[in-house]
Structures are given as structure tokens and as C-alpha cells.
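Trainee: I would like to learn how to read an interface, a pocket and a few backbone details in a model like this one. Could you take me through them?

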Amino acid sequence: MIEAIKVENVSKHYGACVALDHISLGVQPGEIYGLIGPDGAGKTTLFRILVTLLLPDNGKALVEGLDVARDYMAIRRNIGYMPGRFSLYQDLTVAENLDFFATMFGTSVAENYQNIKEIYAQIEPFRDRRAGQLSGGMKQKLALCCALVHRPSVLFLDEPTTGVDAVSRKDFWNMLYRIRKAGVTILVSTPYMDEASLCDRISLIQKGRIIKTGTPEEIVAQYPHRLFGVSGNPAYPLLKFLRRSPNVLRCFSFGSEHHVAVSPGQTGREDLLKQIQDAGFRNVTVREINPNIEDCFMELAKEEGQKS
Amino acid sequence: MNEKKDIIVVNELTKKFGNFTAVDHISFEVRQGEIFGFLGANGAGKTTAMKILCGLSLPTSGGGTVNGYDLSRDQEKIKRNIGYMSQKFSLYSDLKVWENIRLFGGIYRLSGKSIKEKSDAMLRYLNMTDLKDELVGDLPLGWKQKLAFSIAMIHNPSIVFLDEPTGGVDPETRRLFWDLIYEAAESGTTIFVTTHYMDEAEYCDRVSIMVDGVIADLDAPAALKQRYQAADMDTVFRQLAYQAKRE
């Protein structure tokens, strides 16, 4: 089977700035593939190359077997693209925007209504409202409809949930699952690490380099340390205390707990608990926990930093 | 039980745009020196309320005070006495690090001597002394955010407003940024912060959650989690925000 997206050794420079540094990845047909990393990691540059708006300096990128440099017209017909910022005409209405995008791809809304029905139904009551007057959540739904109206086989979503609240983000992911069901391949980028676990496979990207690829479960399973969730009062002095502690490799806050990494076999739960209690902290709890993607990202980013 | 004074007092604060009520009779207090999380779904009225608290917009009715200054009458005094930082706008990219510091020091009417002293101390604290001649646009995002936060406090405001300060920042830098927030709070500065990261809501002393223009609930994270029988703030937030009716 041809991979839906194939990236081989792609680099891109802007002047002296290395935006992408020998990136390789492969996306299988019908999967939701996440590109997870902070601002400035190179996510948008990679998207622009894949949707044929930018040429790589070197390396090769294919979308459904078509070359981004040579076959760009064919690729453009087969993909949907929702860029991070602009994708709607603010002074056109909801219906006009959708018509416009359908016409651009030589089709009509009527012809593809089934394809977008579930999402479009939620914004159809506002069909005569200008896009500029929509709330953030509705704009996002309209942009998604516009990217889907020509039945693309691969969908590129560049940070669709940035700045979107936790509830709307959840709704958006439910829409993505429905789109996947229809057989569409989805490449989605996000700076929110908690969205990583919602993808079938992910690549963690930082400073133009992919630091890990796999299923979220595989990446979590490869975390090299033992991890404890520690809480106690007062919380911030406890964080500083743990960071100074000789057996602690890393310590970061995660909501109401601090995640404390130790070498396996070095420090046990009891040792850690006693250490903290002896230092005078109150309401101390220590429990062994599984790492999440954010723990892994920080660990891998650190390793990568030590290599270079 | 509450020995510290309230630095923000808001009473029945309301803002209407035409016949749309963005902020609907909200009342709350923020205590001196606390980290106060101001949460809400997109469109719940957070930004509108925050603009009024920063002296950038007038209430339609109701009101309150920030650091003792009246929201309706003392807007200029409020602006002078608060710090403000947002992810979208904070520093000038085409000015150097030291030029940004001097610019904001000047805006807040600090003397040349005082700006020099503050600038040196700030750069030492941030470990950025070697970077003072760099253009801000060339700094990594994390450094920019830290610098922006320190510059927002260059005039020693008793309260600083942070509007989604950590959006898009990498996970480690995001946490180091919170270290700065803790340090500032420990030295007595009140922090008023909005965020979409629910783990950051847990770092606040108290959190308010806005839904459809009203404050749906306000308490310490631990109390909220208990009230909604939720394991984390994300669950609390979803339970409340799903009640939203308006789009």
C-alpha cells in the first residue's frame, strides 16, 4: 500500500535559520497522525511543503505517491488544508465561503453535502452570517467544512485547536474521528501535549528535528526512568526541595502533583516519602505513576539537547 | 480568616455590546499576593472583563476597584499601577533586549538611573546579561516570555495581569515560566492569569470559571475538585463549560 504521506530527509532553511533539519516520516492511509511540538519547532514549514506551497531545500516529500515538487497540481486537487490562521473570507457569509471553496475545486456544496453534513448542520442556522462575526468555535467548524467540501483523501490541519478552550477542543477531536471513519487520512499539528494521546501515531518535533515517532503508547513505554507523583504543602518550596535532592533526576509540576524522575533501583517510594516528611512538608503523598507524553517530550528534548 | 486585603474588588460588573451582555453582573475579590486563575471557555466574557480590570474599557453598569482605583473613574491610574503581559503582544521584536527595557521603563516614567539599575538586575536574574544587545525577535520564545514578564513588572506593580502567557511554549519552558510566577507571588505581587492549560489552573491559589458572562464558580482548585467530584481541573472545567448555552 502506498503511504498517504512520505517525507524523506527534508530540510528547509530561511537564511541562516534551520526550520527543518533532515525530517523523515510516513503516514499510513486512514490514520490520524499528530505532529506535536511547541511554536517554532517547524510544524508549519513542514505543512507548507506537503501542501505544495513551499519547496524543500533537499529531500523528498510525497503525498499519495505524488511528488510535492513535480506533481503539485494533482496533489492540490486531492488534499484539504486548514492553515493555522487565515482560511476564511471574513466578509463573506458562511454559505458564501463554503460555495466559494466548492467552486474552486470544481464541485458544488449540493454534490458533497453528505460529506460535510454532520459538521455543517451545527453552523447551518448561521448560514447568512459573515464569517468575521462567528465565534471561534464556529469559525473552526466552517474552516473544516471548507477544507472537506471537495472530498479530499488527505486532510492537513495546522494547529486547529490553538487558543481554543478545553471543551471546544474535545468537540473538535470527535469531529476528526468521524472524518477518519470516512477513510480520510489526517495530519494534524498541535502544541498541546495532551492531544498526542488522541492520535493513532505521533512525531514529537522540536527545533526542526523529529525527536521521536511512534504510537503514544510506545513512546510512553520507552520512558527510561521511574516516576513518582508527589504532592505536599507548601507546593512551590516542595518543588525546589525535590530539585535539589541528590537522587532526583528531574522534577516538574503537573497540575496538583510534581512528577519526580529517579533512576530505577535508586530511590523507592518509602525513601522519597521519608525524605520529604523529614524536611517538614505537610500532607505529603507519594505514588508511583506512569509517564505521559509531556514527561516523555521533556525527557527526549533534554537528551536531544545533550547530543547537539 | 482573611487577614490580607483585597486588591481587586468587583461588584455586579456588567458590560453590554448592543443587546448582547458579554459580562453579566459578576462579583468577586482577589486577595493581595494570591495567584488568581481567571478561566472560561472562548466567548464566555473573560477578555471583556479583563479589559475593564486593566482600565481599557468602561463597565456598562456595576464596577469595582483595582488597587483602590475605581474602574469607571480612575482608568489612567489603574494603567499606571498594574503590569500587563499577553502572549500576542508584549515586546517589540525589532528592538534590542535593552531597548525594550528602556522603552517600557520610560513609558512607566522611571528615571534613567532607575532604568539602568533595574535593567542590570533583571538581566542578571534572568541569566540574560549576554543577550542584552540581541534583537528580541531573534530570541527563542521561552526567553521572550520570561523577558516580557519581567518587563511587565519593571515599575513594581502590586498586581500583574497575564493573558495566556504560556500558549505555544514548550513544556519545560512553560514550567520554568511558572517558577517566575511563583517567585513573583512569593515576593508579594498579585498574579491574575488566564490560561487554556488546565494543569496550570492547579497552580493557582484560587480559580474562577466564567460561563456565558457569569462566574459559574470560584474557589481553590482542591475545593472545586471535591465539589464536582473530579480528579483534575480539566474535568471541573468541562462540567461547568458544557452548561454554556450561548454560541
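Mentor: Happily! Let us begin where the chains meet: 29 residues of chain B are in contact with 31 residues of chain A. Keep in mind that this is a predicted model.

Trainee: How much area do chain B and chain A bury between them?

Mentor: The general idea is that an interface's size is often expressed as the accessible area lost when the parts come together. Here chain B and chain A bury about 2,600 Å² between them, and 55% of that is on carbon and sulfur atoms.

Trainee: Next, charges. How many salt bridges does the rule find across the interface of chain B and chain A?

Mentor: In general, side chains of opposite charge can pair when their charged atoms come close. Across the interface of chain B and chain A, the rule gives 6 salt bridges. To see a salt bridge of this kind, look at E294(A) and R175(B), whose side chains meet at 3.2 Å, N to O. There are also 11 residue pairs in polar contact across the interface, with both residues at pLDDT 80 or more.

Trainee: Which elements give two or more residues to the side of chain B that touches chain A?

Mentor: They are α6 (171–186) and α9 (233–241) of chain B. The largest share of that side comes from α6(B), with 8 residues. By class, the side of chain B that touches chain A holds 13 charged, 10 nonpolar and 6 polar residues.

Trainee: Now for a pocket. How much space lies in the second largest pocket?

Mentor: About 960 Å³. Its lining has 38 residues, and those closest to its centre are D194(A), N292(A), E294(A), D199(B) and D232(B). You have already met E294(A), in the salt bridge with R175(B).

Trainee: Which elements give two or more residues to the lining of the second largest pocket?

Mentor: From chain A they are α6 (166–181), α7 (216–221), β13 and α10, and from chain B α6, α7 (198–201) and α9. The top contributor is α6(A), with 4 residues. Sorted by class, this lining has 17 nonpolar, 14 charged and 7 polar residues.

Trainee: And closed spaces? How many cavities of 30 Å³ or more does the count come to?

Mentor: The count is 1 cavity. For the largest cavity the volume is about 60 Å³. Its lining is made of Y223(A), L227(A), R250(A), F252(A), H259(A), A261(A), D295(A), M298(A) and E299(A). At least two lining residues come from each of β12 (248–254), β13 (257–262) and α10 (293–307) of chain A, and α10(A) gives the most, with 3. The lining divides into 5 nonpolar, 1 polar and 3 charged residues.

Trainee: Back to charge pairs: how many salt bridges does a search of the whole structure find?

Mentor: Over all chains, the search finds 35 salt bridges. Try E31(A) and R201(A), where the side chains meet at 2.8 Å, N to O. This pair links distant parts of the chain, 170 residues apart: E31(A) sits in the loop between β2 (17–27) and β3 (32–36) of chain A, while R201(A) is in strand β9 (residues 201–206) of chain A.

Trainee: Last, the backbone. Is the peptide bond from N233(A) to P234(A) cis or trans?

Mentor: That bond is cis, with omega near -10°. P234(A) is in the loop between β11 (226–233) and α8 (235–244) of chain A.

Trainee: What is the phi of N9(A)?

Mentor: N9(A) has a positive phi of about 60°, although N9(A) is not a glycine. You will find N9(A) in strand β1 (residues 5–14) of chain A.

How values were computed
Residues are numbered from 1 along each chain as its sequence is written. Chains are lettered from A and ligands numbered from 1 in the order in which they are written. This is a predicted model: local features need pLDDT of at least 70, side-chain atom pairs count only at pLDDT 80 or more; totals for chains, interfaces and linings use all residues. Side-chain values use heavy atoms; hydrogens and water are left out. On a 1 Å grid over the protein atoms alone, a cavity is a set of points where a 1.4 Å probe fits but cannot get out, and a pocket is an open set with protein on both sides within 12 Å along at least five of seven lines; lining residues have an atom within 4 Å of a point. Grid points are joined across faces, edges and corners, and a volume is the space filled by probe spheres set on the points. Ala, Val, Leu, Ile, Met, Phe, Trp, Tyr, Cys and Pro count as nonpolar, Asp, Glu, Lys and Arg as charged, and the others, Gly among them, as polar. Contact means heavy atoms within 4.5 Å. Buried area is the accessible area (1.4 Å probe) that two parts lose on being put together, summed over both. A salt bridge is a side-chain nitrogen of Lys or Arg within 4 Å of a carboxyl oxygen of Asp or Glu. A polar contact is a pair of N or O atoms within 3.5 Å; within protein, one must be able to donate a hydrogen and the other to accept it, and residues adjacent in sequence count only if both atoms are side-chain atoms.
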